[in-house]
Number of protein chains: 2
Amino acid sequence: MSAVARRPWEGQPEKSQGEAEKPKRGAPPKPPRERILEAASDLFYRHGIRAVGVDAIAEAAETNKMTLYRHFPSKDELVAECLREHAHEVDVYWDALASNYAGDPEGEIRAWLDAVSSCVTDAGERGCVMANASVELPEKDHPARAVIESFKRGTRDRLVTLFRAAGLLEPEVLADEVFLLIEGARINMQSLGSDGPARRLVRMIETLIESHRPATPAAAAARLP
Amino acid sequence: MSAVARRPWEGQPEKSQGEAEKPKRGAPPKPPRERILEAASDLFYRHGIRAVGVDAIAEAAETNKMTLYRHFPSKDELVAECLREHAHEVDVYWDALASNYAGDPEGEIRAWLDAVSSCVTDAGERGCVMANASVELPEKDHPARAVIESFKRGTRDRLVTLFRAAGLLEPEVLADEVFLLIEGARINMQSLGSDGPARRLVRMIETLIESHRPATPAAAAARLP
DNA sequence: GAAGGTAGTTACCGGTCAGTAACGAGTCAA
DNA sequence: TTGACTCGTTACTGACCGGTAACTACCTTC
């Protein structure tokens, strides 16, 4: 529908193959740093961060370990950079969403719900990149943790902004509730799949939003800035 | 308040020290198998499954690697056994809850909510053991995955039973919704802590339950078997 | 006291982990 | 042509991984 990224909540599963694609005829091959980031993000997402070694990443990126270490000081920093990249992509998605539906918060919510829905139905989905990383990297001083925390905080704030723009009641409370539901659905998908409780996610969010809708349009307008 | 386990949703964090306790004077020391399971569960929960080696487990259990491998055929099987043990403890908790509040489903729900609350407030909490394991062990044929899946399914069924006994409307739908909220709060705690959206968990569940309460006591009674 | 079972000890296996040294080929601009 | 820079290749380090062999010490039980 929109020109924005199709799967804003997750990693880069568009290619399920662990190898960097061949340079398209005429198109220059991607620089190594980019290939490494893509290969690492893909492997981390599919197999887990600790389960993937730097050798495997270098091989999947069709380069070698030395080049990897010329671009990233350590595996931990590579992980953090992958997450920063992901956070940036999601930021781009949110900005595109906002500009595509400027002045139409209801449409914006609907489009966003489409994306949310795909996160708990599409094949290859394995939950939220950031949440998964927070499970695998409990060390408080790991460089990835600051990225994870600010991403989650930012997502919550985006929801508040979205719901406030739509004139919904108690946008902070609503955002927290919706946020928890999405987090729950995405983690539960990894054990019970798309047919478990996660299948009710979108309907639940819709009901929740409905319950925060002001009684009359006039009341809604009165709440707008 | 009740005699049931205090933290039914998680691992064994009662001792945050990674070492087996000294045998109490007069009390016989625990057998090695038990010590290994306890040490492994504790280390897995705090640091992650893949981050902990068998040497570290044996040392924390105050035994050695050979004894570990005499009791468990592989690390993967040890992981699965730890999760089975955890599932059993949670089963015991649920059974105790049901028998402690026989004929008082409202009280049962209140007691259960207390336990849920502690899962998103207590220090040392790091989410659901099973959900965390599902993130770290994506391989479909890992022996732990069957345990995780049946545990999650069982938990959902327990909720359905609980809500149905309380005469609440649409117990399956309610259970799925509550389940997702808890899953979300417990995973989100690992990035945003107890002060994030997770702090609203209990109030959200209460509101949800309230919205599924039949209009009149007579109507509720009519729904009971 | 002999036998059997369990647990502890030491040493080891091959493989993999993250990370590095050194060198050579290619490209580019000055 | 030269120098600077990037990238690829090979070989390597030391630590750790999961898992095993062989032996010893101890405690039962007969």
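Here is a walk through a predicted model, starting with how its two protein chains meet, then turning to the DNA and finally to some helix packing.

Let's begin where chain A and chain B touch. On the chain B side, 38 residues are in contact with 38 residues of chain A. Four helices of chain B each bring at least two residues to that side: α6 (129–136), α7 (143–165), α8 (171–192) and α9 (201–211). The one that gives the most is α8(B), with 15 residues. Sort the side of chain B that touches chain A by class and you get 18 nonpolar, 9 polar and 11 charged residues.

How are the two chains related to each other? Turn chain B by 180°, with 0.0 Å of shift along the rotation axis, and it superposes on chain A with an RMSD of 0.0 Å. That is the relation of a two-fold axis. If you want to find the axis in the picture, look for Gly184(B): of the residues of chain B, its C-alpha comes closest, at 1.7 Å. The contact surface fits in with this, too. Of the interface residues of chain B, 100% are also interface residues in chain A, so the copies meet through the same surface.

Now for the DNA. Around strand D there are 17 residues, and the ones that come nearest are Thr63(A), Met66(A), Thr67(A), Gly53(B) and Ser74(B). So which elements supply two or more residues to the surface near this strand? They are α3 (65–71) of chain A, plus α2 (54–60) and α3 (65–71) of chain B. The largest share, 4 residues, comes from α3(A). By class, the surface near strand D has 7 nonpolar, 5 polar and 5 charged residues.

Move over to DNA strand C and you'll find 16 residues around it, with Gly53(A), Ser74(A), Lys75(A), Thr63(B) and Met66(B) coming nearest. Here the elements giving two or more residues are α2 (54–60) and α3 of chain A, together with α3 of chain B. This time α3(B) gives the most, with 4 residues. The class count for the surface near strand C is 6 nonpolar, 5 polar and 5 charged.

Next, step inside chain A and look at a pair of helices. Helix α4 (residues 75–100) packs against helix α7 (residues 143–165) at an angle of about 15°, and their axes are 8 Å apart. Angles under 35 degrees count as roughly parallel, and α4(A) and α7(A) are therefore roughly parallel to each other. As they pass, the crossing is left-handed. On the α4(A) side, the residues that meet α7(A) include Val79(A), Ala80(A), Leu83(A) and Trp94(A). Their partners in α7(A) include Val147(A), Ile148(A) and Phe151(A). Between them, the two sides of this contact hold 10 nonpolar, no polar and 4 charged residues.

Finally, hop across to chain B for another helix pair. There α6(B) and α7(B) pack at an angle of about 140°, with their axes 10 Å apart. These two helices are therefore oblique to each other. The way α6(B) passes α7(B) is again a left-handed crossing. From α6(B), the contact uses Met130(B), Ala133(B) and Ser134(B), while α7(B) brings Ala144(B), Ile148(B), Phe151(B) and Lys152(B). By class, those residues divide into 5 nonpolar, 1 polar and 1 charged.

Conventions: Residues are numbered from 1 along each chain as its sequence is written. Chains are lettered from A and ligands numbered from 1 in the order in which they are written. This is a predicted model: local features need pLDDT of at least 70, side-chain atom pairs count only at pLDDT 80 or more; totals for chains, interfaces and linings use all residues. Axes are lines fitted to C-alpha atoms, for helices over the stretch in contact, and angles run from 0 to 180 degrees between N-to-C directions. Angles under 35 degrees count as roughly parallel, over 145 as roughly antiparallel, 65 to 115 as roughly perpendicular and the rest as oblique. A crossing is left-handed if the near helix is turned anticlockwise from the far one by less than a right angle, and right-handed if clockwise. Two residues are in contact if their C-beta atoms, placed from the backbone, lie within 7 Å. Ala, Val, Leu, Ile, Met, Phe, Trp, Tyr, Cys and Pro count as nonpolar, Asp, Glu, Lys and Arg as charged, and the others, Gly among them, as polar. Copies are superposed by least squares on the C-alpha atoms of residues with pLDDT of at least 70 in both. A residue is near a molecule or strand if its C-beta atom, placed from the backbone, lies within 6 Å of it.
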